[in-house]
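Work through the exercises below with the sequence and the 3D structure at hand. Try each task before reading its solution.

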Amino acid sequence: RAEEAAQANADLFTRREAQGLLTRADLLQAESDRAHASAVKIQAERARHDAAQSLALFLGWTPGRLPAPVDSLSPESGAAIESPTSADVAPVSRRADLRARQAELDAARASRRRAKAAWLPSVVASGRYGIHSADIFGSSGENWSVGVALRWNVFSGAGRLAESTRTRAELRIAETLYAQAVNEAMAEIESAARAVHAATRTVDASIAARGAADAGVTLMRRRFEEGLATASDLLSAESRLARTAQLEVDALATLRLALARHRFATTHQYSEGSP
């Protein structure tokens, strides 16, 4: 679009220079702007091709096959994204790192329970039943016994104490690592949410700036055609519009990246337009 605008200005300046309304310097300035816009377009095309090749590589496509993404940059809102509170771990409960830490904590708790149980005496139950009679259907020789015994090894106390100390330390380590992982996840999500909100405001500001620059170009072109503005004024307005348009594209891309980072941090999949 910048190249088309620069070409239109160069054509207009050529006609005005032929009519004696502009100097040769004005025409050369317009030609310089057109050449610059063409060079920027060439660089953008090369960058787009390189980006497509990188994307194809990440997708696992064969060489020579390039993806053609659609132009989906739009002012997608991130206002629905809320930062979690320190007491709410639901947004991070699906994270793989926290699930791993939770599994380690559960294992440490189980080991601690086994170590505590080792201090208790073991219960041994026994039973016996017998018949000492020629008549198997009789009861004169029937006898039975039931017994319960408690066993505790007094010589294994040192080993149980060492095991108890080890499991207690491992449980404390697991609890500390889990709490640290939760805090880091909460901070990461809060940072991602703030980035989305900031990117949303930046998009709004860039859209307003581009609209103002577009209106300024229209006004400046009309004034130039009426002889109330110089060629430099018109070219400056065109340059300002190109810069604001680029800022809008950058802001939209930044917002998309911020939304993607928030999705990754929360491992939450949601459709576009419904963050």
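**Exercise 1.** State in which helix Val-217 is found, and decide whether Val-217 is buried or exposed.

*Solution.* Step 1: Val-217 is found in helix α4. Helices (DSSP runs of H or I, at least four residues) and strands (runs of E, at least two) are numbered from the N terminus. Step 2: The terms depend on relative accessible area: buried means under 20%, exposed over 50%, and partly exposed in between, with a 1.4 Å probe and protein chains only. Step 3: Val-217 has a relative accessible area of 7%, so Val-217 is buried. Step 4: The C-alpha atoms of Val-217 and Glu-238 are separated by 6.1 Å, although the two are 21 residues apart along the chain.

The model is predicted: local features need pLDDT of at least 70 and side-chain atom pairs count only at pLDDT 80 or more, while totals for chains, interfaces and linings use all residues. Residues are numbered from 1 along each chain as its sequence is written, and side-chain values use heavy atoms, with hydrogens and water left out.

**Exercise 2.** Do the same for Leu-27, Leu-257 and Arg-48.

*Solution.* Step 1: Leu-27 lies in helix α2. Leu-27 is buried because its relative accessible area is 7%. Its C-alpha atom is 6.8 Å from that of Ala-10, 17 residues away along the chain. Step 2: Leu-257 lies in helix α5. Leu-257 counts as exposed because its relative accessibility is 62%. Between Leu-257 and Ala-199 there are 9.3 Å in space, C-alpha to C-alpha, and 58 residues in sequence. Step 3: Arg-48 has its place in helix α2, residues 24-59. With 55% relative accessibility, Arg-48 therefore counts as exposed. Arg-48 and Ala-68 are 20 residues apart in sequence and 10.0 Å apart in space, C-alpha to C-alpha.

**Exercise 3.** Describe the order of helices and strands, and say what share of the residues counts as buried.

*Solution.* Step 1: There are 5 helices and 2 strands. Step 2: Along the sequence they follow the pattern α-α-α-β-β-α-α. Step 3: The protein has 275 residues, of which 25% count as buried.

**Exercise 4.** Find which helix gives the most to the largest nonpolar core.

*Solution.* Step 1: A nonpolar core is a set of buried Ala, Val, Leu, Ile, Met, Phe, Trp, Tyr and Cys residues joined through side-chain atoms within 4.5 Å. Step 2: The largest one has 15 residues, and those that touch the most other members are Phe-13, Leu-22, Met-220, Phe-224, Ala-231 and Leu-234. Step 3: α1, α2, α4 and α5 each supply at least two residues of this core. Step 4: α5 gives the most, with 5 residues. In soluble globular proteins, nonpolar side chains tend to be buried together.

**Exercise 5.** What sits over the ring of Trp-61?

*Solution.* Step 1: A charge sits over a ring if NZ of Lys or CZ of Arg is within 6 Å of the ring centre and within 35 degrees of the ring normal. Step 2: The charged end of Arg-65 sits over the ring of Trp-61, 4.0 Å from the ring centre.
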